[in-house]
Amino acid sequence: MQVGRTTGLAIAGLVTIGAIGAVAWARSRDDAAPDTDPTPTPDPRPSLPPTSGSPSPSPTVPAPTPAPEPTVPMPPAPVPTPTVPAPEPPTPAPAPEPTAPAPAAEPTTPAPTTPAPAPTPPSPAPVEAFDYTVRAGDTLSAIARRFDTTVARIVELNDIADPNRIRVGQQLRIPGSATDVPTPNPPAPTIPAPNPSTGQSRVPAGPAISRVPGAAGKVALTFDDGPSAYTDAIVATLERRGVDATFYVIGSQVAREGARLARMRDAGHAIGNHSWDHPQLTNLGDAQVRRQLDDTSGAIERAIGIRPDTFRPPYGARNDRVDGIARELGMRDVIWDVDTVDWSRPGADAIANTAVRNARDGSVILMHDGGGNRQQTVDALDRIITGLQDRGFELVTVPQLVAAG
Ligand code: ZN
C-alpha cells in the first residue's frame, strides 16, 4: 500500500517536471535556437542529457558524433555579458520581423506575364491538348489557371497520384477543349531550371559528416532554423561578399517561404533538410521520423525543384536509426565541427572569433538564421567572412566541401 502510493506520487512528480521542461523548451525556441549541442545550454529540457558532446540520450547509440567539438575557448555560454560592452539593444527593438513578408511572393514566377502559351489557333477552333514542362514555382492550380482548365482535368489526364507533388521538369499533358491530338509544345516559356551548377552538386551517400578534412583550404558556413526574417540580411551579406553557404531549413517554415527559398537557390546557396518542426528525432518512432524528413524534403522540392541530399538533425541528435531513415530518403547527415553558439547571443565579436579561430581545413561551421533573434549573427557575418578569408580559406557550400574532400 505504502509503496504503491509513494510510487504514484513519484510518477506524478516526474510528469509535472516533464511538463515544465516541455514548456521551457517551447519558450526557448523563440529566443535561443536549440540546435547547438546541449553542452553549453542551461536548457532545462529533460530530454537532453548534460553530457558533453553527446546530444543523443539514446542508450543504444554507441558514440553519437564527434559533432559538437568542445574546442570552443569561450566563456560558458550562459554568461554572455563579459565580452560584450553593451551591444545588445533591448530585445524587441531590432527585430526586423515586419520588414520581411512584403517582397516574398513575386520572383518565383519569372514569366507570369508571358502571353499564355496556349496554342490558340484562329478563334472558335477547338484547343487541342498539349505538353507542358513544369517550371520552378508551378503548382497544379496555377497551371490550370494559366491554361484555362481545371486541376481535376490535369490530374485525370496525367494520372497524377498526389496533386501536391509535381516536379520541376515533369512533363504534363494539358487538356485542351477538344481532343488529345498531340500538338507541338507551346513556345515553352524558358524554364529557370534548378541550377545544379553552383552550390547544388549532389552529395553521395555515406557516413555522417562533421568535417571534411580532405577539403584543404575550404570551409562551409551553415545556417539552421530558417527561413526567417533574418535570412534576407544574411543572404544579402553573402551575396555582397560573393560567398555561397548552406541553409538547413525547417519544413513548416519552408511551406510559407517558398519564394525566398527559390531566390536562395538561384543565388547559388545549398538547401538542406532540418526536419519539419525541430523535434529531437531520437525520441520519435520511425514513422514520425520519416514523416518529419519526408514532408520537409517535399516542401523543399516544391519550393526549389530539388530534393535535398543532406540532412541536419535538430540538436545534432542522431543515432543509427535516424541516420538510416535519412539515408533511405536520399540524404546524408551533416553535423558540424565548429559551433559558434550564436543562438546564445554572446555578442557578434564572440560569434565571429569562435568561427574564425576554430576553423580548420574542411570545417563545417554552425550558425543560425532562425529560431529567435539572430541580429548578432547578422552582425557577425561580415567579420567571419573577412577573418576566414584572411586565414586563406575559401568559403563553399556543403556539397562543394564534400566534393573537394
Ligand atoms: Zn536547429
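**Exercise 1. Find which residues of α4 meet which residues of α6 in this predicted model, then describe how the two helices pack.**

Step 1. List the contact. On the α4 side stand Thr-231, Asp-232 and Val-235. They meet Arg-260, Arg-263 and Met-264 of α6.

Step 2. Sort by class. This contact has 2 nonpolar residues, 1 polar and 3 charged.

Step 3. Read the geometry. The helices pack at an angle of about 15°. Their axes lie 11 Å apart.

Step 4. Apply the cut-off. Angles under 35 degrees count as roughly parallel. Therefore α4 and α6 are roughly parallel to each other.

Step 5. Add the hand. The crossing of α4 and α6 is left-handed.

**Exercise 2. Treat the pair α4 and α10 in the same manner.**

Step 1. Locate the helices. α4 covers residues 231-241, and α10 covers residues 375-390.

Step 2. Read the geometry. The angle is about 25°, and the axes are 9 Å apart. So α4 and α10 are roughly parallel to each other.

Step 3. Add the hand. Here the crossing is right-handed.

Step 4. List the contact. α4 brings Ala-233, Ile-234, Thr-237, Leu-238, Arg-240 and Arg-241. In α10 they meet Thr-377, Val-378, Leu-381, Asp-382, Ile-385, Thr-386 and Gln-389.

Step 5. Sort by class. The contact of α4 with α10 divides into 6 nonpolar, 4 polar and 3 charged residues.

**Exercise 3. Describe the largest nonpolar core and state which elements supply it.**

Step 1. Start from the general rule. In soluble globular proteins, nonpolar side chains tend to be buried together.

Step 2. Give the size. The largest nonpolar core has 37 residues. Leu-221, Leu-238, Phe-247 and Leu-388 have the most contacts inside it.

Step 3. Name the suppliers. Elements that each give at least two residues to this core include β3 (218-226), α4, β4 (246-249) and α6 (258-266). Others among them are α7 (286-304), α9 (348-358) and β9 (364-368). α10 gives the most, with 6 residues.

Step 4. Look for another core. A second, separate core has 15 residues, including Ala-215, Ala-220, Val-334 and Val-398.

**Exercise 4. Follow the contacts of Phe-247 and decide whether Ile-271 is buried or exposed.**

Step 1. List partners of Phe-247, leaving out residues up to four places away in sequence. Among them are Thr-231, Ile-234, Val-235 and Leu-238. Met-264 and Ile-271 are also touched.

Step 2. Place Ile-271. This residue is found in strand β5 (residues 270-273).

Step 3. Judge its exposure. Buried means under 20% relative accessible area. Ile-271 has 6%, so Ile-271 is buried.

Step 4. Check a distant partner in sequence. Ile-271 and Pro-308 are 37 residues apart along the chain, but their C-alpha atoms are separated by 6.4 Å.

Key: Residues numbered from 1 in each chain as written. Predicted model: local features only at pLDDT ≥ 70, side-chain atom pairs only at ≥ 80, totals over all residues. Heavy atoms only, no water. Axes fitted to C-alpha atoms, helices over the stretch in contact; angles between N-to-C directions. Helix = DSSP H or I, 4+ residues; strand = E, 2+ residues; numbered from the N terminus. Parallel < 35°, antiparallel > 145°, perpendicular 65-115°, else oblique. Left-handed = near helix turned anticlockwise from the far one by under 90°. Contact = heavy atoms within 4.5 Å. Nonpolar A, V, L, I, M, F, W, Y, C, P; charged D, E, K, R; others polar. Core = buried A, V, L, I, M, F, W, Y, C linked by side-chain atoms within 4.5 Å. Buried < 20%, exposed > 50% of the residue type's maximum accessible area, 1.4 Å probe, protein only.
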